[in-house]
Amino acid sequence: MDSVRSPEWPVAPLGGVAANSAAARYGMSPGTGPIVGRAGPPPTAPPPYRPSSGTGSAPSAGKPSAPPIPVKILVAGGFGVGKTTTVGAISEIAPLTTEAEMTSAGIGVDDPGARSTKTTTTVAMDFGCVTIDRSLKLYLFGTPGQTRFGFMWDDLARGALGALVVVDSARLDDCYPAIDFFERAGLPFVVGVNAFDGRLALELGEIRWALAIGDQVPLVQFDARDRLSVRDALLVVLDRALDRATRDRRA
């Protein structure tokens with residue numbers, strides 16, 4: 001894979017929610033605060049994550065181009081955090097969704113948060129795809145967020161190379177099951193904090209501390225409604241998966 005940045009997409013402006021430079025993503029010092037989170041990170045953590053730099057060469061002229069490599073990526077997280085919006089914002093096809101109307105039976109069971117105007121919920125999965133460049137195509141599978149649909153996660157995760165765990169900074173406890181799932185499965189994942197209304201309830205350092213995730217797990221801020229911002233978050237997932245594959249090959 002020569003590059004994971006499409007030459008057809010403009011570079012995101014610095015300083016905004018779509019600006020995901022290495023310094024902005026990984027350079028923040030962990031914050032402290034009286035936030036109740038998970039018990040702690042996994043007992044044996046791999047080395048801290050470092051973005052890799054590609055050095056591939058362009059394909060030779062005259063050779064027929066090979067079809068793009070399919071890569072399966074999961075978009076996971078709690079209920080109402082923006083998974084369906086994330087898939088729909090970047091998919092180059094009309095996304096397949098399995099949305100059902102929320103009814104009174106879900107009152108007290110499904111809580112999308114006080115700021116949400118959500119009236120539907122995913123009952124199976126979301127599906128979309130996006131071509132990164134001539135050599136790589138992402139197939140995105142959005143998981144249902146409710147605990148009662150957790151039995152589907154093992155099937156959806158089969159064959160995936162990585163995952164984007166979408167988080168609402170005002171409801172961190174809703175994302176703990178997703179993080180625990182990917183830690184147990186050993187699947188590379190990135191935590192993407194969805195900036196509702198362009199704001200976060202907590203600083204990224206405080207969120208990392210509350211989620212008890214190690215430095216090897218990238219933590220990024222993005223806007224699930226913005227295509228470029230979603231693209232940048234998915235590129236971090238790809239970079240994370242490539243980093244894991246490289247270390248496994250050297251082991």
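In which helix does Thr-86 lie? Thr-86 lies in helix 2, which covers residues 83-90. The model shown in these views is predicted.

**View 1. The protein chain as a whole contains 6 helices and 8 strands.** Followed along the sequence, these elements come in the pattern α-β-α-β-β-β-β-α-β-α-β-α-β-α. The protein chain has 251 residues, and 46% of them are buried. Among contacts with a separation of 6 or more, 78% join residues that are 24 or more positions apart. The protein chain exposes about 12,900 Å², and 57% of this area comes from carbon and sulfur atoms.

**View 2. Six strands form an open sheet with mixed pairing.** The order of the strands across the sheet is 4-5-1-6-7-8. Strand 4 (126-133) and strand 8 (219-222) are the edge strands, and each of them pairs on one side only. From one strand to the next, the twist averages 25°. Strand 6 (residues 162-168) and strand 7 (residues 189-194) run parallel and are joined by 6 bridges. Within this pair of strands, Asp-168 stands opposite Asn-194 of strand 7.

**View 3. Helix 2 and helix 5 both pack on the sheet.** Helix 2 touches strand 1 (69-77), strand 4, strand 5 (136-142), strand 6 and strand 8. The direction of helix 2 makes about 40° with that of strand 4. Helix 5, made up of residues 204-211, touches strand 7 and strand 8 of the sheet. The direction of helix 5 makes about 130° with that of strand 8.

**View 4. Thr-86 is a buried residue of helix 2.** Thr-86 counts as buried because its relative accessibility is 1%, and the cut-off for buried is under 20%. Residues up to four places away in sequence are not counted among its contacts here. Beyond that range, Thr-86 touches Val-75, Leu-164, Val-166, Phe-222, Ala-224 and Val-230. Of these partners, Val-230 is the subject of the next view.

**View 5. Val-230 belongs to helix 6, which covers residues 227-250.** Is Val-230 buried or exposed? Val-230 is buried, because its relative accessible area is 0%. With neighbours within four places in sequence left aside, Val-230 is in contact with Thr-86, Ala-89, Ile-90, Phe-222, Asp-223 and Ala-224. Val-230 and Thr-85 are 145 residues apart along the chain, and their C-alpha atoms are separated by 9.8 Å.

**View 6. Helix 5 is largely enclosed by the rest of the structure.** The reason is that 6 of the 8 residues of helix 5 are buried. The buried residues are Leu-204, Gly-205, Ile-207, Arg-208, Ala-210 and Leu-211. An α-helix has 3.6 residues a turn, so residues three or four places apart point the same way. The buried residues of helix 5 pack against helix 4 (176-185), as well as against strand 7 and strand 8.

**View 7. Ala-212 comes just after helix 5 and takes a positive phi.** Most residues other than glycine have a negative phi. What is the phi of Ala-212? The phi of Ala-212 is near 55°, a positive value in a residue other than glycine. Ala-212 lies in the loop that runs between helix 5 and strand 8. Ala-212 counts as buried because its relative accessibility is 11%.

**View 8. Gly-198 sits in the loop between strand 7 and helix 5.** Gly-198 is partly exposed, because its relative accessible area is 42%. That value falls between the limits for buried, under 20%, and exposed, over 50%. Gly-198 and Asp-223 are 25 residues apart in sequence. Their C-alpha atoms are 7.3 Å apart in space. Asp-223 is also one of the residues in contact with Val-230.

**View 9. Cys-129 and Cys-175 are buried cysteines in a structure with 0 disulfides.** A disulfide is a covalent bond between the sulfur atoms of two cysteines. How many disulfides does the structure hold? The structure holds 0 disulfides. Cys-129 counts as buried because its relative accessible area is 5%. For Cys-175 the relative accessible area is 1%, so this residue is buried as well.

Technical notes. Residues numbered from 1 in each chain as written. Predicted model: local features only at pLDDT ≥ 70, side-chain atom pairs only at ≥ 80, totals over all residues. Heavy atoms only, no water. Helix = DSSP H or I, 4+ residues; strand = E, 2+ residues; numbered from the N terminus. Buried < 20%, exposed > 50% of the residue type's maximum accessible area, 1.4 Å probe, protein only. Contact = heavy atoms within 4.5 Å. Pairing = 2+ DSSP bridges. Axes fitted to C-alpha atoms, helices over the stretch in contact; angles between N-to-C directions. Areas by Shrake-Rupley, 256 points an atom, 1.4 Å probe, with all protein chains shown as cover. Disulfide = S-S within 2.5 Å.
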